[in-house]
Amino acid sequence: MTLFAQDRVLPAPFVSPEVAPFFEGTAAGRLMLKHCDGCNRVHYYPRAICPHCFSAATRWVASAGLGRIYTYSVSRLGVPVPFAIAYVELDEGVTLMSNLVDCDLDALAIGQRVQVVFKPTEDDGPWVPMFTPLLST
């Protein structure tokens, strides 16, 4: 069983004015996405112009932070701490690349339900969204 190590150093991302509201959301424990009022679709990576219809009528909306693992890969060799990187399909219909954390890396599965968690970055950088398996109830 390999667990995500809490001592893994995460580099701080660059925060441009265009994505600053995204990271303000992560600091408050919310995963923010862009919604286009022109075509009524949500998109990620957040940007001012909708990639679907090219409308500038976009706004920030909070995601429920729930989804499924679309695909993943576990890195163990040549890294100080094993980690899993994944594409996660959110229930809102967008897919994003992130890490799978706080879990048994050997028990991950495609299609597994996950929920967002937020992890700090180095040098007091912004918190970043990652995902952990959703516990069955």
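Strand 1 (residues 32-36) pairs with strand 2 in the antiparallel sense, the two being joined over three bridges. Within these strands, H35 stands opposite V42, the latter in strand 2. The structure described here is a predicted model. The pairing of strand 1 with strand 2 belongs to an open sheet of three strands, in which the order is 2-1-3 and the pairing antiparallel. Strand 2 and strand 3 stand at the edges of this sheet, each with a single partner strand, so that one side of each is left without a neighbour in the sheet. On average, and with direction ignored, neighbouring strands of the sheet are turned by 40° against each other.

The aromatic side chains were examined next. A pair of aromatic rings is described by the distance of the centres and the angle of the planes. The count comes to three aromatic pairs. One of these is formed by F22 and Y44, whose rings adopt a tilted arrangement, with 6.0 Å centre to centre and 55° between the planes. This pair links distant parts of the chain, since F22 lies in helix 1 (residues 20-27) and Y44 in the loop between strand 2 (41-43) and strand 3 (58-62), 22 residues apart. F22 is buried, with a relative accessible area of 4%, whereas Y44 is partly exposed, with a relative accessible area of 21%. Y44 also forms an aromatic pair with Y45, and this pair is edge-to-face, at 5.8 Å centre to centre and with 70° between the planes. Y45 is likewise partly exposed, its relative accessible area being 44%. Together, F22, F23, Y44 and Y45 form one aromatic cluster.

The cysteines were considered last. A search of the whole structure finds zero disulfides. C50 is in no disulfide, the nearest cysteine sulfur being that of C39, at 3.7 Å; because a disulfide requires the two sulfur atoms to lie within 2.5 Å, this pair of cysteines does not qualify. C50 is buried, with a relative accessible area of 0%. C53 is also in no disulfide, and the nearest cysteine sulfur, that of C36, is 3.6 Å away. In contrast to the buried C50, C53 is partly exposed, with a relative accessible area of 32%.

Notes:
Residues numbered from 1 in each chain as written. Predicted model: local features only at pLDDT ≥ 70, side-chain atom pairs only at ≥ 80, totals over all residues. Heavy atoms only, no water. Buried < 20%, exposed > 50% of the residue type's maximum accessible area, 1.4 Å probe, protein only. Phe/Tyr/Trp six-rings, centres within 6.5 Å; stacked < 30°, edge-to-face > 60°. Helix = DSSP H or I, 4+ residues; strand = E, 2+ residues; numbered from the N terminus. Pairing = 2+ DSSP bridges. Axes fitted to C-alpha atoms, helices over the stretch in contact; angles between N-to-C directions.
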